[in-house]
Amino acid sequence: MAVEFLVDEKIWFEKFKYDDAERRYYEQQVNGPAGSSSHQQENGASTILRDIARARENIQKSLAGSASTSSGPGDQNELLSRISHLEVENQNLHNVVADLQKAIFKLESRLNALEKSTSHQPSPVPPTQKVEPFGVPSKKVELPSASPAKKAEPAAAEEDDDDDINLFGSDDEEEDQEAAKVREERLRQYAEKKAKKPGLIAKSSILLDVKPWDDETDMAKMEECVRSVQMDGLVWGASKLVPVGYGIKKLQIQCVVEDDKVGTDILEEEITKFEDYVQSVDIAAFNKI
């Protein structure tokens, strides 16, 4: 099908043959007969081969020269110095490791000695405790581990006290009892008065910078949303609009908080919940009251 189509076309299919013949003709005219041209071609090829051989020799010589220069005495001296330096460092490291091993061994021996000494040492007897409540005579409370000799001494002291007891009583004992009662009453009144007195409440004054998204944000609505945040210990104060730039204004609002009830993190989190109006909240000033 393609051959039938090309039959009717006027195309010179053998033009390359005529071009080759024309080129050979002009070459013969310029270079002379075919023999001389072939001789010249051989001479050109031989010159090219000689150039290639010469280039190879130059390359080999240059490589040999670079290898000889790279392995010169200067490089060997540098390698020897580096090797000696590495050997010195290695020896120093070995010395440090040996010192550390000796120190660890000494520490282990000391720990073993301490453990042995603590294991053989008997546990000390706890001392007697002395309890003195208000308005009650002081008494010594001894633990059961006390020795019998120590128990005998309080018993003898109690017998002496029994001998000194006055069966008929005395005015001194009555006065001591009355003084103890008066002291207890005063202590009770002081404790009640101190309990009724209110403690100091730590408060802080905070100035917040509430920034909107853009100049089209309704600042009145944003302030209303901020003031809608209510907590125990939070009191809102005065506010004003401060220009920032490009027609944008930020809301500066004052508040007083109780430190034990309201934290700045919780306050910022509650305000930033109004995402439609509030972009960010910053603390401009923080003062203790």
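## The chain as a whole

How much area does the chain expose, and what share of it do carbon and sulfur atoms supply? The exposed area comes to about 24400 Å², and carbon and sulfur atoms supply 56% of that. Keep in mind as you look around that this is a predicted model.

The chain has 289 residues, and 11% of them count as buried. Its secondary structure is made up of 8 helices and 6 strands. Starting at the N terminus, the elements follow the order α-α-α-α-β-β-α-α-β-α-β-β-α-β. Among contacts with a separation of 6 or more, 64% link residues that are 24 or more positions apart.

## A hairpin to find

A good place to begin is strand 4 (residues 234-245) and strand 5 (residues 248-258), which run antiparallel and are joined by 9 bridges. Together they form a hairpin with 2 residues between the strands. In the turn you will meet tyrosine 246, whose phi is positive, at about 60 degrees. Further along the pairing, lysine 240 stands opposite glutamine 252 of strand 5.

## The largest nonpolar core

The largest nonpolar core holds 18 residues, and those touching the most other members are Leu208, Val210, Leu234, Trp236, Cys255, Leu267 and Ile271. Two or more residues each come from strand 3 (203-212), helix 7 (219-227), strand 4, strand 5, helix 8 (264-271) and strand 6 (278-288). Strand 5 gives the largest share, with 4 residues.

Cysteine 255 is worth a closer look. Leaving aside residues up to four places away in sequence, cysteine 255 touches Ser204, Ser205, Ile206, Leu208, Leu234, Val235, Trp236, Gly237 and Leu267.

Definitions and conventions. Residues are numbered from 1 along each chain as its sequence is written. This is a predicted model: local features need pLDDT of at least 70, side-chain atom pairs count only at pLDDT 80 or more; totals for chains, interfaces and linings use all residues. Side-chain values use heavy atoms; hydrogens and water are left out. Two strands pair if DSSP finds at least two bridges between them. A nonpolar core is a set of buried Ala, Val, Leu, Ile, Met, Phe, Trp, Tyr and Cys residues joined through side-chain atoms within 4.5 Å. Buried means under 20% relative accessible area, exposed over 50%, partly exposed in between (1.4 Å probe, protein chains only). Contact means heavy atoms within 4.5 Å. Accessible areas come from the Shrake-Rupley method with a 1.4 Å probe; for residues, only the protein chains shown count as cover.
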